[in-house]
Amino acid sequence: MAFSPATLTVTVGTTVKWTNKDAVAHTVTSDTGVFDSGNVANAGTFSFMFMTAGTYSYVCTIHPSMVAKIIVR
């Protein structure tokens, strides 16, 4: 139960897609409210296009020890 990779660097305009490979639901929730997947069940996906440079930290609100970040350049 972890985001992999924990840090990802992309360019502006990139769409990142998360796929839940665990048996339990997770969320992909920005620390600043920029994006929120809601509950993503096993084999479910969530995508978000990053249009502004910056660092976007996020968490699974169901499992708060699951944290990661996207660096957009």
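Here is a short conversation about a predicted model, covering its sheet, one loop residue and its nonpolar core.

Student: Which strands are at the edges of the open sheet?

Tutor: Let's walk along the sheet, where four strands follow the order β1-β6-β5-β3 with mixed pairing. An edge strand pairs on one side only, and that holds for β1 (7-10) and β3 (29-30).

Student: Which residue in β5 stands opposite Ser30?

Tutor: Start with the pairing: β3 and β5 (residues 54-59) run antiparallel and are joined by two bridges. Across from Ser30, in β5, you will find Tyr58.

Student: Is Asn20 buried or exposed?

Tutor: Asn20 sits in the loop between β2 (14-19) and β3. Buried means under 20% relative accessible area. Asn20 has 7%, so this residue is buried.

Student: Which backbone oxygen lies 2.8 Å from a polar atom of the Asn20 side chain?

Tutor: Good one to check in your viewer! The Asn20 side chain reaches the backbone oxygen of Ala41 at 3.4 Å. The 2.8 Å distance belongs to the backbone oxygen of Val24.

Student: Which strand gives the largest share of the largest nonpolar core?

Tutor: This core has 16 residues, and Phe3, Trp18, Val28, Phe35, Phe50, Tyr58 and Ile70 touch the most other members. At least two residues each come from β2, β4 (45-50), β5 and β6 (67-72). The largest share, three residues, comes from β6.

Student: Which tyrosines is Ile70 in contact with, leaving aside neighbours within four places in sequence?

Tutor: With those neighbours set aside, the contacts of Ile70 include Leu8, Val10, Val16, Trp18 and Phe50. The list also holds Gly54 and Thr55, and its tyrosines are Tyr56 and Tyr58.

Definitions and conventions
Residues are numbered from 1 along each chain as its sequence is written. This is a predicted model: local features need pLDDT of at least 70, side-chain atom pairs count only at pLDDT 80 or more; totals for chains, interfaces and linings use all residues. Side-chain values use heavy atoms; hydrogens and water are left out. Two strands pair if DSSP finds at least two bridges between them. Buried means under 20% relative accessible area, exposed over 50%, partly exposed in between (1.4 Å probe, protein chains only). A polar contact is a pair of N or O atoms within 3.5 Å; within protein, one must be able to donate a hydrogen and the other to accept it, and residues adjacent in sequence count only if both atoms are side-chain atoms. A nonpolar core is a set of buried Ala, Val, Leu, Ile, Met, Phe, Trp, Tyr and Cys residues joined through side-chain atoms within 4.5 Å. Contact means heavy atoms within 4.5 Å.
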